[in-house]
Amino acid sequence: MRFLLAFAVVATYFSPAVAADQYTADVVIYGGTSAAVTAAVQVKQMGKSALIVCPDKHLGGLTSGGLGWTDSGKKDAIGGLSRQFYHRVWKYYQDADAWTFEDQSKFGNRNQSPPSKNGDGSTMWVFEPHVAEAIFEDYIEEYDIPVHRDEWLDRTTGKGVTKKNGRIQSITMKSGNTYVGKMFLDTTYEGDLIAAAGVDYHVGREANSVYNEKWNGVQVGVLHHGHHFKKPVSPYRTPGDPDSGLLPHISDEPPGKKGEGDHRLQAYCFRMCLTNVDENRIPFPKPSGYDPDEYELLVRVFESGWRQAFNKFDPIPNHKTDTNNHGPFSTDKIGENYDYPEATYERRREIIKEHEDYQKGLMYFLANDPRVPDEIRTKMAKWGLAKDEFTDNGGWPHQIYVREARRMIGDYVMTEHDVLDEKVTPNSVGMGSYTLDSHNVQRYIKPDGYVQNEGDIGVHVPRPYEISYGSLVPKKSQCENLLVPVCVSSSHIAFGSIRMEPVFMILGQSAATAACMAIDQAIAVQEVPYPELRERLLKDGQVLELTDPDAILSRKLPGVVVDDRQAEKTGQWKSSSTNRAFVDAGYIHNDNTEQGKKSVVFKAELKPGRYEVRMSYAPNNNRATNVPVAIHHADGTTLRTVNERQKPDIDGVFVSLGTYTFDAANAWVQINTDETDGYVVVDAIQFLPANK
């Protein structure tokens with residue numbers, strides 16, 4: 001892990017005896033993430049000099065730090081150097097010698113894709129950490145890119161960044177070394193260069209009111225991925241007794257009101273690379289200071305019947321895993337990272353060590369503590385850290401998963417409206433396609449006295465979305481020669497989708513392209529002509545837009561369309577996108593359970609007049625034939641019944657519920673589940689002005 005390693009050699013940047021030097025490049029890249037490498041390669045391909053200076057000893061960030069099961073979304077949206085990286089992964093695993101502990105044929109074609117239309121070749125999206133790091137190092141050698149490792153930006157006010165006339169002239173490290181460039185990129189997960197350069201940024205969740213969003217602020221009562229307590233669990237040392245005190249890892253602070261902004265962050269963890277091959281396995285070590293009572297809350301989760309401990313042991317080659325957080329109490333150290341983005345290097349080291357000890361202790365607990373159910377403890381004891389990964393760190397990842405830290409407030413702010421395709425995003429420099437995804441940010445006590453997690457969001461996007469060039473650049477008044485492909489200008493919840501490693505590589509390449517063009521034209525990065533930038537990006541294989549012939553986008557439909565994402569739901573509904581056609585990101589269904597206890601209300605603000613009301617659903621032979629629908633209008637309430645096994649007769653998407661007069665500002669349609677005889681699917685309601 002980079003901060004921890006650096007402090008093991010703390011004299012590197014605190015010793016005054018180290019002679020300071022000055023280095024120069026056309027483009028200076030601060031940070032050693034995957035975005036840093038693709039940016040440097042692109043700079044060299046465009047005939048300019050690039051230099052990477054970073055705190056890291058190991059390049060690649062999370063891509064080489066344990067995240068070997070790529071969160072890719074729609075792979076067709078990934079192009080350029082990012083896609084080439086995954087092609088190199090595929091090429092590596094075509095060599096029989098790469099399969100040390102597993103037969104390639106048994107692993108099969110898992111998470112691989114055939115040759116792409118733009119000729120990049122086959123790709124593979126799962127890999128071992130050391131393979132990713134080797135590929136990044138190959139790039140460095142092939143393109144002769146200087147990399148200055150274990151160099152830490154001096155974040156002391158006025159020391160780390162020298163600016164003149166709105167431009168960074170140089171950046172200075174704790175070692176005293178200075179790096180002079182024409183253009184600078186901040187490719188760190190933390191956004192340290194952004195802050196030191198005086199560029200606006202945000203930490204935490206914005207209130208929903210800031211960007212008129214739904215999924216950003218405090219999300220009490222919203223339960224998505226399953227990373228929540230499904231059954232009542234007491235948070236107190238003596239169950240049910242508040243006077244006994246709280247168990248570890250539970251906050252005694254109120255969670256806040258739904259939609260409010262706060263200082264809280266997505267939880268961090270390490271993406272462990274585990275194996276059950278004995279000859280390559282390091283048994284889970286018992287960390288110093290280990291306290292089994294730290295995991296009492298997990299014992300109570302087991303007592304509630306939960307048994308999904310192995311559900312995120314995602315397989316990668318050679319009988320290894322990318323193991324991620326899963327369930328109500330897991331590897332995420334919820335609520336204990338809030339000060340990380342702004343913290344000193346010393347404090348960050350402490351936070352990282354706290355996370356490491358917590359997670360190592362968790363794994364040791366699961367494999368050894370008699371309170372863990374036998375079927376889990378026995379199986380977990382067969383797993384351990386991989387000996388041949390992170391060999392200079394005892395098999396433990398070098399990089400903590402900084403899911404979010406600072407986010408720039410730049411020329412354009414990406415929000416959920418961009419990601420959910422509710423607006424046209426200008427000047428695309430790449431695409432994202434992953435779910436709006438936030439891990440939990442806090443664990444609190446509900447009014448009923450039980451514990452719950454908050455902040456976990458998982459909202460499907462309707463299609464791959466464009467990422468604006470304006471989100472990579474600061475406001476011109478603040479800096480004219482800085483680009484930011486990782487801590488991009490976005491809201492918390494939009495960043496929850498953008499923050500995927502393939503996207504960081506995409507944006508690193510695009511940022512480098514713009515930097516080189518700004519140098520050639522002697523202009524600010526905000527002035528780079530987009531048509532020229534777009535032409536070069538397309539030439540280099542970037543994907544800037546995709547057209548899905550099956551996509552039905554609410555913003556492109558006539559009238560007023562309310563999607564299930566905007567509807568008010570009673571009871572627990574499940575999201576799906578299995579059956580087409582549907583509006584926007586998918587639909588929800590009642591799981592054919594608790595009939596009569598679940599309902600959905602679609603509200604719309606309409607101008608007075610007559611409207612045809614249409615209902616969208618995705619048909620299937622397991623659907624209910626008798627879905628009750630109530631339309632509230634000026635003349636009262638009309639009840640209709642919809643057979644969802646029949647294909648909708650309006651463009652295969654909608655059925656008409658009739659034409660009604662609406663004379664008030666609000667109109668609503670309620671879909672109920674009373675006595676239904678199958679799955680009830682809910683997608684969208686359209687209010688279409690009737691022809692006069």
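Does Met124 count as buried or exposed, and what is its relative accessibility? The views below come from a predicted model, and the opening one takes up that residue.

**View A. Met124 and its surroundings in strand β4.** Met124 sits in β4, a short run that covers residues 123–124. Its relative accessibility is 1%, so Met124 counts as buried, the cut-off being under 20%. Who's around it? Once neighbours within four places in sequence are set aside, the contacts of Met124 include the aromatic names Tyr86, Trp90, Tyr93, Trp99 and Phe107. Val89, Asn111, Gln112 and Pro317 are also in contact with Met124. For a sense of scale, take Arg307: from Met124 to Arg307 is 183 residues along the sequence, and 31 Å through space between the C-alpha atoms.

**View B. Helix α3, residues 34–45.** Here's a quick sanity check on geometry. With 12 residues at 1.5 Å each, α3 should span 16 Å, and the distance between its end C-alpha atoms is 17 Å, so the two agree. Most of this helix is covered, with 10 of the 12 residues buried. The buried set is Ser34, Ala35, Ala36, Val37, Thr38, Ala39, Ala40, Val41, Gln42 and Val43. After α3 comes Gly47, and its phi is positive, near 80°.

**View C. Strand β34 with β29 and β31.** Start with the pairing of β29 (residues 599–605) and β34 (residues 666–672): the two run antiparallel and are joined by 7 bridges. In that pair, Val601 stands opposite Gln670 of β34. Now look at β31 (residues 627–633), which is also antiparallel to β34 and is joined to it by 4 bridges. Gln670 turns up again here, as the bridge partner of Ala630. One general point helps when reading side chains in this view: in a regular strand they alternate between the two faces of the sheet.

**View D. Helices α9 and α10 packed together.** α9 takes in residues 296–303 and α10 residues 345–368. Their axes lie 11 Å apart, at an angle of about 45°. That makes α9 and α10 oblique to each other, and their crossing is right-handed. On the α9 side, Leu298, Val299 and Phe302 make the contact. On the α10 side, the residues are Leu362, Phe365 and Leu366. For anyone tracing which residues face which way, an α-helix has 3.6 residues a turn, so residues three or four places apart point the same way.

How values were computed. Residues numbered from 1 in each chain as written. Predicted model: local features only at pLDDT ≥ 70, side-chain atom pairs only at ≥ 80, totals over all residues. Heavy atoms only, no water. Buried < 20%, exposed > 50% of the residue type's maximum accessible area, 1.4 Å probe, protein only. Contact = heavy atoms within 4.5 Å. Expected span 1.5 Å × (residues − 1). Pairing = 2+ DSSP bridges. Axes fitted to C-alpha atoms, helices over the stretch in contact; angles between N-to-C directions. Parallel < 35°, antiparallel > 145°, perpendicular 65-115°, else oblique. Left-handed = near helix turned anticlockwise from the far one by under 90°.
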